[in-house]
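Please look over the sequence and the structure shown below. The paragraphs that follow lead the reader through charged pairs and then through a pocket.

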Amino acid sequence: VVAGEGIALTYTALGELARRAPALFAGDTSIARALFGALSTRELGARMAAQEALAQLASAYATGRGRARAAGSDGGAAAAAADAGVDAELEAMLVQALGA
């Protein structure tokens, strides 16, 4: 595997993991931050894989959000506050990526 292909495969694997186990990414934006960074620094193949992984990661965040709200009113307020923080971080990353 060529180095560029290896990183693209890694991004693809992250996206697949986000699709299959969305709870692993709940409340953690570090992977999203790395993928957004790849959009402006990697070669085309890796950027495409990072973009696809980000789409799957977005679904993972949405899935996690739905499960937290379904947990009930006790955890609902805390989950909503955590969701707002994650949303703000993700929005800032997106705005930065669009400006780059």
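Is R20 buried or exposed? R20 is exposed, its relative accessible area being 63%. This value, like every other in this text, is computed from a predicted model.

R20 takes part in a salt bridge, and its partner is E16; the closest N and O atoms of the two residues are 2.8 Å apart. Side chains of opposite charge can form such pairs when their charged atoms come close. Where do E16 and R20 lie along the chain? Both belong to helix 1, at a separation of 4 residues, which is about one turn of the helix. E16 itself is partly exposed, because its relative accessible area of 26% falls between the limits of 20% for buried and 50% for exposed residues.

E16 has a further partner in R19, and the side chains of these two residues meet in a salt bridge with an N to O distance of 2.4 Å. E16 and R19 are 3 residues apart in helix 1, which spans residues 3–20, so about one helical turn separates them.

How many salt bridges does a search of the whole structure find? The search finds 3. Another of them joins the side chains of R33 and E89, at 3.6 Å from N to O. This pair links distant parts of the chain, since R33 lies in helix 2 (residues 30–41) and E89 in helix 4 (residues 73–99), 56 residues apart. R33 counts as partly exposed at 45% relative accessibility, and E89 also counts as partly exposed, at 32%. Returning to helix 1, salt bridges with shared partners join E16, R19 and R20 into one network.

The next topic is the largest pocket. It holds about 170 Å³ of space. Its lining consists of 12 residues, and those closest to the centre of the pocket are F36, L54, A58, Y61 and L90. Which elements give two or more residues to this lining? They are helix 2, helix 3 (44–70) and helix 4. Helix 3 gives the most, contributing 6 residues to the lining. By chemical character, the lining of the largest pocket comprises 9 nonpolar residues and 3 charged residues, with no polar residues.

Helix 2 and helix 4 therefore appear twice in this account: the pair R33 and E89 links them, and both give two or more residues to the lining of the largest pocket.

Definitions and conventions
Residues numbered from 1 in each chain as written. Predicted model: local features only at pLDDT ≥ 70, side-chain atom pairs only at ≥ 80, totals over all residues. Heavy atoms only, no water. Salt bridge = Lys/Arg side-chain N within 4 Å of Asp/Glu carboxyl O. Buried < 20%, exposed > 50% of the residue type's maximum accessible area, 1.4 Å probe, protein only. 1 Å grid on protein atoms, 1.4 Å probe; cavity = no way out; pocket = protein on both sides within 12 Å on 5 of 7 lines; lining within 4 Å. Points joined across faces, edges and corners; volume = space filled by probe spheres on them. Nonpolar A, V, L, I, M, F, W, Y, C, P; charged D, E, K, R; others polar.
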